[in-house]
Amino acid sequence: MAKRKKVKVFITGGAGFIGSNLAKKLMDRGDEVVMIDNFNDYYDPKLKRDRISKFLKGYDFKLYKGDIRDEKLLERIFKKEKIDKVVSLAALAGVRNSLLDPLAYEDVNIKGTMNLLQMSVKYKIKNFVYASSSSVYGNNKKQPFSETDSVDTPISPYAATKKATELIAHVYSHIYKLPTTGLRFFTVYGPWGRPDMALFMFTKNTIEGRPINVFNRGKMSRNFTYIDDIVSGTIKVLDANLKCDVMNIGGDKEETLMRYIEVMEENIGKKAKKNMMPMQPGDVPATVADISKLRKLGWEPTTRIEEGIKNFIDWYKEYYKVK
Ligand SMILES: NC(=O)c1ccc[n+]([C@@H]2O[C@H](COP(=O)([O-])OP(=O)(O)OC[C@H]3O[C@@H](n4cnc5c(N)ncnc54)[C@H](O)[C@@H]3O)[C@@H](O)[C@H]2O)c1
């Protein structure tokens, strides 16, 4: 078999949950990785530092501590590093928080991504893969969500910035022929996950004996997507160099929030104290993905929540030294 040519990939948000996992997988298969992250304090930056120093220990990569809004820094990086491809993950994530600080979301998610697109055109990047989100579907009534559905009615500032990113990427593909693909991630979970996301908060509170807030009184469902499946799908798209596309990337089984909590309880060995709460503004009751488009590239999600949640809780207990 012909040997695959090594690729140099620039990952923005490399100290983040998805970025660090992607970096590891790319280096495992022999690619070179350059990353940028500003280690902001949206959640505990120690977790970001530990992803770099512990999770990626022993790996050889270059990390720039800096901001994607800093055009001069980006110019220096692109000029020096001779990057082949970009995976743009740096963003302010989190639907609920975007209601509190919408202008920061606009600044990082839209302006920051545009800076990267500008550089990618200038330095003739071969593929620009960027994080969009299932939240672009807003209150779409049709299930599962398909890429052909209209996404013109986002219901949070965060979702609007992600939709804007898709529109802007289209412009750069159309005018400058930059290959771009946006990935609409559906609720990602797994080891080294984000402290602001449900599984992390539920696990922490349950272990510490504090109640968990169950929104919409538990009447929620999601295509929870395990981190390894997200990484393998992202790599499929990174290798494909599509001209201009947007794709769903989600687990293949619709799970209810109550089942997700139940599996967590089984793994912790303790019942959660549940505060049944109304729906949160900006949130949606169900996000279920039609993943047939990404499947056509040969991708298949393989991790069920029973296995994925167990892996998360094993990691959580070890990382936080839970007895
Ligand atoms: N995790 C999910 O379930 C999910 C779902 C949908 C979309 N996404 C998107 O996927 C991407 C990665 O998400 P994640 O879960 O890994 O989040 P994360 O917050 O763990 O990772 C993002 C990283 O980007 C960095 N960053 C933020 N602003 C920056 C800036 N201005 N300059 C440089 N670095 C900056 C952060 O410090 C962080 O380490 C994001 O774009 C997010 O919106 C994630």
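**Exercise 1. Place strand E4 among its neighbours in this predicted model, and decide which of its residues are buried.**

Solution. Begin with a single pair of residues: the bridge partner of Lys85 in strand E5 is Asn127. Widening the view from this pair, strand E4 and strand E5 (residues 127-133) run in the parallel sense and are joined over four bridges. Next, turn to strand E1 (residues 8-12), which also pairs with E4 in the parallel sense over four bridges, and in which Ile11 has Val87 of E4 as its bridge partner. Finally, consider the two faces of E4 (residues 85-88): Lys85 and Val87 lie on one side, Val86 and Ser88 lie on the other, and all of them are buried, so that both faces are covered.

**Exercise 2. Work out how the buried residues of helix H11 are arranged around its axis, and what covers them.**

Solution. First take the dimensions of H11, whose 15 residues (305-319) reach 20 Å from the first C-alpha to the last, close to the 21 Å expected at 1.5 Å a residue. Then list its buried residues, which are Ile305, Gly308, Ile309, Phe312, Ile313 and Tyr316. Seen down the axis of H11, these buried residues fall within an arc of 130 degrees, and therefore they line one face of the helix. An α-helix has 3.6 residues a turn, so residues three or four places apart point the same way. The face turned away from the buried side of H11 carries the exposed residues Glu306, Glu307, Asp314 and Glu318. As a last step, look for what covers the buried residues of H11, which includes helix H7 (198-207), helix H9 (257-268) and the strands E7 (188-189), E10 (225-226) and E12 (255-256).

How values were computed: Residues numbered from 1 in each chain as written. Predicted model: local features only at pLDDT ≥ 70, side-chain atom pairs only at ≥ 80, totals over all residues. Expected span 1.5 Å × (residues − 1). Buried ≥ 20, exposed ≤ 12 C-beta atoms within 10 Å, placed from the backbone. Arc of directions from axis to C-beta. Contact = placed C-beta atoms within 7 Å. Pairing = 2+ DSSP bridges.
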